[in-house]
Amino acid sequence: MTLLEKTIGSIVGIDRGIETLALARLADQARPQGSLGVLEPLSARLAAIAGKIDVKLEKKVVVTCAGDHGVVEEGVSLFPQEVTEQMVHNFVIKGASINVLAKHAGAESLAADIGVKAEFDPSLPIIHKKVAKGTENFTKGPAMTREQAVAAIEAGIEIVDELVAQGGLDMLGTGDMGIGNTTPSTAIIAVLSGEKVEDLTGRGTGINDEALLRKIDVIKKGIEVNNPDPKDPVDVLAKVGGYEIGALAGLVLGAAAHGVPVVCDGFISTAGALIAGDLAPTAKEYLFASHRSVEVGHTFMHDHLGVDPLLDLGFRLGEGTGAALTMELLDASTRILADVLTFDEVAIKDPHTKG
């Protein structure tokens, strides 16, 4: 049995009994029912994941997976491919946006090389899980082999396994880095949703109208050339995906297998979540969508997953930035459930009861 098969087989549903108890406590708290909006069901789901009412999210980690893409040869990005390598070094010196926001959220931020075209010194303090030095140009054939696609997913699973073994994990955030990676992400949602590529394609790093039309044509060509099977998530990843996208899927699967809530970041991270959700639908019970980015295809991704993002801040960065911010909301929701007193606990008459 492969690591991927073993992980999928070990994912079990969350504790609905605890969720029911949590919802009942929320309804009995000394305030108008439902007055804290979406934070209430969020806190109940976190309780169901943890198996207890008083959830403590003390060990939080955001993993930013990096990879390069052969399709950048087609002029789909505003930035040169070398920026991927440069940003990994920026993550190391804690100078990137994710480093700042993760620190604010009380989370550790880690960078993982899954498929960067450059060669990193083994002593560089990142997670070294390189499958290959960038994908192939999917307009000319598959982005990777099926074996490489599985290896990328398993790299993400291994990261979670190692984090749990090294000191435990209470919450995981997913993030990405990879010049050109909105192109494979758009291809993935186009295949899985069956929607028109034109309706799903955004400007990524800020390309102009001419480049946007070229990007649409590139995605269409990649899908036509490779004919990925929408019923086979690994085939979709192999044909038009990216190594970091595979690892992001693995992070979701690994977290679910360990009973750890996972906060999905933006467009690319959600592409990984799509692969994970189609491989193991139960894993979606552990998934929280952080925000809706300005990428037009992101809403279609959320619809396909059946999740609602918590924030809409006009983000289009990735890295795990939205996930880090959302961790703060989820932290707050746990305290609402555990610490806000009920009517009985403060001896106030519940206006919802008779007598």
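The buried residues of helix α13 pack against α7 (182-193), α12 (267-279) and strand β6. This is a predicted model, and the report below starts from that helix, then takes up the sheet and the salt bridges.

**Helix α13 and the loop before it**

Helix α13 spans residues 298-305, and His 298, Met 301, His 302 and Leu 305 are its buried residues. These four cover an arc of only 95 degrees around the axis, which puts them on the same side of α13. Just after the helix, Gly 306 takes a positive phi of about 75 degrees.

The loop between β6 and α13 holds Ser 290. Ser 290 has 0% relative accessibility and therefore counts as buried, the cut-off being under 20%. A polar atom of the Ser 290 side chain lies 2.8 Å from the backbone oxygen of Cys 264. The side chain of Ser 290 also makes a polar contact of 2.8 Å with the side chain of His 291. When neighbours within four places in sequence are left aside, the residues in contact with Ser 290 are Val 263, Cys 264, Asp 265, Pro 309, Leu 310, Leu 311, Gly 322, Ala 323 and Thr 326. Cys 264 thus appears in that contact list and also supplies the backbone oxygen of the 2.8 Å pair.

**The sheet**

Six strands make up an open sheet with parallel pairing, in the order β3-β2-β1-β4-β5-β6. The edges are β3 and β6 (287-289); each has a single partner strand, so one side of each is left without a neighbour in the sheet. β6 is also one of the elements against which the buried residues of α13 pack.

Strand β1 (residues 60-67) is joined to strand β4 (residues 171-177) by seven bridges, and the two run parallel. Within this pair, Val 63 stands opposite Thr 174 in β4, and the bridge partner of Val 61 in β4 is Leu 172. On the other pairing of β1, eight bridges link it to β2 in the parallel sense. There, Val 61 stands opposite Glu 108 in β2. Val 61 is therefore placed opposite a residue in β2 and is also bridged to a residue in β4.

Helix α5 (residues 97-104) packs on the sheet and touches β1 and β2. The direction of α5 makes about 145 degrees with that of β2.

How many of the residues of β1 are buried? Eight of the eight are, so β1 is largely enclosed by the rest of the structure. Lys 60, Val 62, Thr 64 and Ala 66 point one way from the strand, while Val 61, Val 63, Cys 65 and Gly 67 point the other way. Residues on both faces of β1 are buried.

β2 is mostly covered, with seven of its nine residues buried. Its parallel pairing with β3 runs over two bridges. In that pairing, Ala 112 of β2 stands opposite Ile 127 in β3.

**Salt bridges**

The structure holds 18 salt bridges. Three of them are listed here.

| Acidic residue | Basic residue | N to O distance |
|---|---|---|
| Glu 345 | Arg 25 | 3.3 Å |
| Glu 40 | Arg 31 | 2.7 Å |
| Asp 113 | Lys 130 | 2.7 Å |

In the pair of Glu 345 and Arg 25, Glu 345 lies in the segment after α14 (321-339) and Arg 25 in helix α2 (residues 16-28), so the salt bridge ties together parts that are 320 residues apart in sequence. Glu 345 is partly exposed at 45% relative accessibility, whereas Arg 25 counts as buried at 17%.

In the pair of Glu 40 and Arg 31, both residues are buried.

The salt bridge of Asp 113 and Lys 130 involves the sheet: Asp 113 lies in strand β2 (residues 107-115) and Lys 130 in the loop between β3 (127-128) and α6 (146-167), so the pair ties together parts that are 17 residues apart in sequence. Asp 113 is buried, with a relative accessible area of 3%. Lys 130 is partly exposed, with a relative accessible area of 27%.

Beyond these pairs, Asp 54, Lys 56, Arg 335 and Asp 339 are joined into one network by salt bridges that share partners.

Key:
Residues numbered from 1 in each chain as written. Predicted model: local features only at pLDDT ≥ 70, side-chain atom pairs only at ≥ 80, totals over all residues. Heavy atoms only, no water. Salt bridge = Lys/Arg side-chain N within 4 Å of Asp/Glu carboxyl O. Buried < 20%, exposed > 50% of the residue type's maximum accessible area, 1.4 Å probe, protein only. Pairing = 2+ DSSP bridges. Contact = heavy atoms within 4.5 Å. Axes fitted to C-alpha atoms, helices over the stretch in contact; angles between N-to-C directions. Arc of directions from axis to C-beta. Polar contact = N/O pair within 3.5 Å; in protein donor to acceptor, adjacent residues only side chain to side chain.
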